[in-house]
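Reader: I'm new to this one and would like a close look at a single part of it. Could you take me to the place where the charged side chains pair up, and show me how it sits in the rest of the chain?

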Amino acid sequence: QVQVVESGGGLVQPGGSLRLSCAASGRTAGTYAMGWFRQAPGKERDFVARLWWTNGSTDYADSVKGRFTISRDNAKNTIYLQMNSLKPEDTAVYYCNVYNYNLGSSFWGQGTQVTVSS
């Protein structure tokens, strides 16, 4: 019903930057919010950032405030996560989530690996 594809992950040194993309396709009408979550091996999946589609307002986890920025391209049904001043503790698989009001459900992407290491 809704396909979600993340891209842009990779290996970066501490203090570096990376930009993730998440493209939604299929039944995109009814998108209510899109956001980013991350999960390291053996740990639970944690909220990172969210963009509310109605007005473009954003929310961030305390751990990334001031370093990460979520944005969107309405025409492409795509969100981005600009990650600056990356730390080793940011290392995780980053997942994109799309909540669709009309369908009453969330949809996940396959994830993209971000590794911060010197």
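Author: Let's begin with the overall size: for 118 residues, a compact globule would have a radius of gyration near 13 Å, and the chain comes in at 14 Å, which agrees. Keep in mind as we go that this is a predicted model. Along its principal axes, the C-alpha trace spans about 45 × 25 × 20 Å. To get a feel for that, take G42 and N74: they are 32 residues apart along the chain, and their C-alpha atoms are separated by 35 Å. G42 belongs to the loop between β4 and β5 (46-52), and with 90% relative accessibility it counts as exposed.

As for what the chain is built from, there are eleven strands and zero helices, so to speak a run of β after β when you read along the sequence. Buried residues account for 42% of the 118. If you take contacts between residues at least 6 apart in sequence, 53% of them join residues at least 24 apart. The chain exposes about 6100 Å², with carbon and sulfur atoms supplying 46% of that.

Now to the part you asked about. Side chains of opposite charge can pair when their charged atoms come close. This structure holds three salt bridges. Start with R38 and D90, whose side chains meet with 2.9 Å from N to O. R38 lies in strand β4 while D90 lies in the loop between β8 (78-83) and β9, so this pair ties together parts that are 52 residues apart in sequence. Are these two buried or exposed? Both R38 and D90 are buried. For D90 the relative accessibility is 0%, which is why it counts as buried.

D90 has another partner, too. R67 forms a salt bridge with D90, and here the closest N and O atoms are 2.8 Å apart. R67 sits in the loop between β6 (58-60) and β7 (68-73), and D90 in the loop between β8 and β9, so this bridge ties together parts 23 residues apart in sequence. R67 has a relative accessibility of 10%, so R67 counts as buried as well. Put the two bridges together and you get one network: R38, R67 and D90 are joined by salt bridges that share partners.

Then there's the bridge between D62 and K65, with its closest N and O atoms 3.0 Å apart. D62 is exposed, because its relative accessibility is 65%. Set that beside D90, which is buried at 0%.

Let's stay with strand β4 for a moment, since R38 lies there. F37 is also in strand β4, and its ring pairs with that of W108. The ring centres of F37 and W108 are 5.1 Å apart and the planes are at 70°, so the pair is edge-to-face. W108 belongs to strand β10, so to find F37's partner you go 71 residues along the chain. F37 counts as buried because its relative accessibility is 15%, whereas W108, with a relative accessible area of 40%, is partly exposed.

How many aromatic pairs are there in the count? The answer is six. One of them is Y32 with Y101: the ring centres lie 6.3 Å apart and the planes are at 35°, so the pair is tilted. Y32 is in strand β4 (residues 31-39) and Y101 is in the loop between β9 (92-100) and β10 (105-108), 69 residues apart. Y32 is partly exposed at 35% relative accessibility, and Y101 is exposed at 57%. These two also belong to one aromatic cluster, formed by Y32, W52, Y99 and Y101.

Charges meet rings here too. R45 has its charged end over the ring of Y95, 3.6 Å from the centre. R19 lies over the face of Y80, and the distance to that ring centre is 4.0 Å.

Back to your spot, then: D90 is the residue to click on, with R38 and R67 as its salt-bridge partners.

How values were computed. Residues numbered from 1 in each chain as written. Predicted model: local features only at pLDDT ≥ 70, side-chain atom pairs only at ≥ 80, totals over all residues. Heavy atoms only, no water. Phe/Tyr/Trp six-rings, centres within 6.5 Å; stacked < 30°, edge-to-face > 60°. Helix = DSSP H or I, 4+ residues; strand = E, 2+ residues; numbered from the N terminus. Buried < 20%, exposed > 50% of the residue type's maximum accessible area, 1.4 Å probe, protein only. Lys NZ or Arg CZ within 6 Å of the ring centre and 35° of its normal. Salt bridge = Lys/Arg side-chain N within 4 Å of Asp/Glu carboxyl O. Rg over C-alpha atoms; globule rule 2.2 N^0.38 Å. Contact = heavy atoms within 4.5 Å. Areas by Shrake-Rupley, 256 points an atom, 1.4 Å probe, with all protein chains shown as cover.
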